[in-house]
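This report describes a structural model with attention to its chains, their contact and selected local features. The sequence and structure are shown first.

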Amino acid sequence: MRFDLQIIASWIEPGAKVLDLGCGEGELLYFLKKDKQIEGTGIERVESKVTRCIEKGVPVLQGDINEEIQDYPDDTFDYVILSQTLQQVYEPAMLIQSQLRIGKKGIVSFPNCSCWNVRLQLLATGYAPITKQLPYEWYDTPNIRVITLKDFRKFSKEVGFKIIKEVAINTQNQAKSGKIIKFLPTLFATYGIFLIG
Amino acid sequence: MSEYIEHDKAGVSVGLVEKKSFAFAEPPNEMILESGARLGPVTIAYETCGELNDDKSNAVLICHALSGDSHVAGYYSEDDPKPGWWDIMVGPGKGIDTDKYFIVCSNILGSCIGSTGPCTYNPKTVEPYGLDFPVVTIGDMVKAQKALLDHLGIKKILSVIGGSIGGMQVLEWCVSYPEMVVSAIPLATTTRHSALAIAFNEVARQAIMADPNWNNGDYYSGAEPDLGLAVARMIGHITYLSDESMRIKFGRQLQDKSDISYNFDADFQVESYLRYQGAKFVQRFDANSFLYITKAADYYDLEKQHGNGSAVEAFSKTKAKFLVVSFTSDWLYPTYQSRTMVQALKKNGLDVSFCEIEADWGHDAFLLPSKSLTAMVKGFLERVNNENGKEENAL
């Protein structure tokens, strides 16, 4: 399982109720169901991924996360996860507010755009940076938001949610291994993971 | 639904099956219908495949649509040319695995393929019922299925599965007998027909009733309203396909000719196809049954009948786990109807999965071979079967 998902999984207590927004092929939920007996469900837009989830026994709804999140009653879940998707969301404040309305806690992870290699690329080449975490040209990227760890902390104050815990990691895009960055995370972390409430 | 009795390409089949029947509601203990009318005796034709396990926890009920029957899978005899109507889905190792589950499929009340319907003899007059047959509802069909399951000693159904009008029965099961239904797979269906769906059904019924042979439903001793029923079936077939599927399947191609004939023969392939489907259908289906079943489907309104107008309230009665599936080109039961259903299920905090399958084949897509549909049905059933075992142990 992807390194950031391993960290997210370690934050979730056994038996919890979990919603994974943009769950892909249900990797995290499948692991959590098996290892922590959680009650989980996912939301995913792509039909082939939805099919894979259901095939594996992971409940999932096909649809847009911004719309699907609306129908749940308040506090339906213990955790609502948004992993590596925030940078693609059109209205992040609204989504995070919904996340915390239907869940007691939220977990958000995203690629950190203030990592040294991103900074260096822009400075040295003058082109929009392309990294292993964000491997797209400006014209074909699904990632419409440029976010840094510091941005997210500032955003939490503006939107009015609490950061309970945060971990900065250095890992490749889909890599299973990585390390936790404690020294100058804004410079050395490729991803940030936040537990919010 | 159309007839898509396809043979399994790998030749895998549940093998020989036998049509059985179960009779109940013998007067004076007639079945009391939703309309208040009494009906009895009632015969329900049914078939089973697979083995019921010792704790009777592996029963799967399949509900057929408008023109289907109890013959869901397998063959009646060694030289039977065609298997049951969902043989691609039901069999050993298939989506609904007969090695694991005990499958029950019965012919719906009001139909004409073994169960009591308008063409059955009325014990009071010793004539076929015709229009003396009381109007039955989806609720009545389900009530008759419940009587059958009671007879088979099944107290819990691992999953109720069905598409179209069969899907309506699935939903009805969930809210009428919530204690019995562990999970449900409603495919290409709705909690209530749209005006469009009712409109098509009405045109089809009018075609039957306008046929002079229909004779107010009293035709069993003479010529039958074949023309009317064939036209009704042709209309049905249009609604089961889609613009896309018709374009791919027929386009404007001519049937056995190089140019148009300047008369009213079937010039286009699509005309010839519809005429063929209509003519074939009248050989196996009763016109009055068509009237009764389409009316039952039009009357069905889960919101009104079970939730004072609210789907959320209606589904608050069930505890089942759901797999809802719709198809992109289905204009008879469009995806928005499935989404409304899913929304109401979510608002009740139910375990629900939903997938809209990209398919060009219109409403009929649910009967056609689809790897993803098969994989999902299989995975979903495995999960609910596992969880069912665990929950039972926990109790």
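The sections below turn from the model as a whole to individual elements and residues.

## Model and confidence

The structure is a predicted model. For the complex, the predictor reports an ipTM of 0.92 together with a pTM of 0.95. The average pLDDT of chain B is 95, and 97% of its residues score at least 70.

## Overall form of chain A

Chain A contains eight helices and eight strands. Its C-alpha trace extends about 50 × 35 × 30 Å along the principal axes. A compact globule of 197 residues would be expected to have a radius of gyration near 16 Å; the value for chain A is 16 Å, so the two agree.

Of the 197 residues in chain A, 45% are buried. Among contacts in chain A with a separation of 6 or more, 63% are between residues 24 or more positions apart.

## Strand 1 of chain A

Strand 1 of chain A, residues 17-21, is mostly covered, with four of its five residues buried. Its pairing with strand 2 of chain A (residues 39-44) is parallel and runs over five bridges. Within strand 2 of chain A, A:G40 is the residue that stands opposite A:V18.

## Contact between the chains

The contact between the chains involves 21 residues of chain B and 15 residues of chain A. On the side of chain B that touches chain A, helix 10 (335-347), strand 14 (352-357) and helix 11 (371-394) of chain B each contribute at least two residues. Helix 11 of chain B provides the largest share of that side, seven residues.

By residue class, the side of chain B that touches chain A consists of nine nonpolar, five polar and seven charged residues.

## Helix 4 of chain B

Helix 4 of chain B covers residues 226-240, which is 15 residues. At 1.5 Å a residue it should span 21 Å, and because its end C-alpha atoms are 21 Å apart, the expectation is met.

In helix 4 of chain B, 11 of the 15 residues are buried, so this helix is largely enclosed by the rest of the structure. The buried residues include B:G228, B:L229, B:A230, B:V231, B:A232 and B:R233. Also buried in this helix are B:M234, B:G236, B:H237, B:T239 and B:Y240. Among the elements of chain B that cover the buried residues of helix 4 are helix 3 (195-209), helix 6 (269-282) and helix 7 (287-299).

## The surroundings of B:G130

B:G130 is located in the loop between strand 10 (127-128) and helix 1 (138-151) of chain B. It counts as partly exposed because it has 17 C-beta neighbours inside 10 Å, a number short of the 20 or more that define a buried residue.

Leaving aside residues up to four places away in sequence, B:G130 touches B:P118, B:G217, B:D218, B:Y220 and B:N288. Between B:G130 and B:E387, which are 257 residues apart along the chain, the C-alpha separation is 47 Å.

## Backbone geometry

Most residues other than glycine have a negative phi, and most peptide bonds are trans. The following sites depart from these patterns. The peptide bond from B:P27 to B:P28 is cis, with omega near 10 degrees, and B:P28 is placed in the loop between strand 1 (20-24) and strand 2 (31-32) of chain B. Another cis peptide bond links B:G40 to B:P41, with omega about -5 degrees. B:P41 is in the loop between strand 3 (38-39) and strand 4 (42-49) of chain B.

Positive phi values occur at A:Q84, at about 50 degrees, and at B:K56, near 55 degrees; A:Q84 is not a glycine, and B:K56 is likewise a residue other than glycine. A:Q84 is part of the loop between strand 4 (77-83) and helix 5 (92-102) of chain A, whereas B:K56 is in the loop between strand 4 and strand 5 (59-63) of chain B. A:Q84 is buried, because 21 other C-beta atoms lie within 10 Å. B:K56, with 15 C-beta neighbours inside 10 Å, is therefore counted as partly exposed.

Note on methods:
Residues numbered from 1 in each chain as written. Chains lettered and ligands numbered in written order. Predicted model: local features only at pLDDT ≥ 70, side-chain atom pairs only at ≥ 80, totals over all residues. Contact = placed C-beta atoms within 7 Å. Nonpolar A, V, L, I, M, F, W, Y, C, P; charged D, E, K, R; others polar. pLDDT = per-residue confidence, 0-100. Expected span 1.5 Å × (residues − 1). Buried ≥ 20, exposed ≤ 12 C-beta atoms within 10 Å, placed from the backbone. Rg over C-alpha atoms; globule rule 2.2 N^0.38 Å. Pairing = 2+ DSSP bridges.
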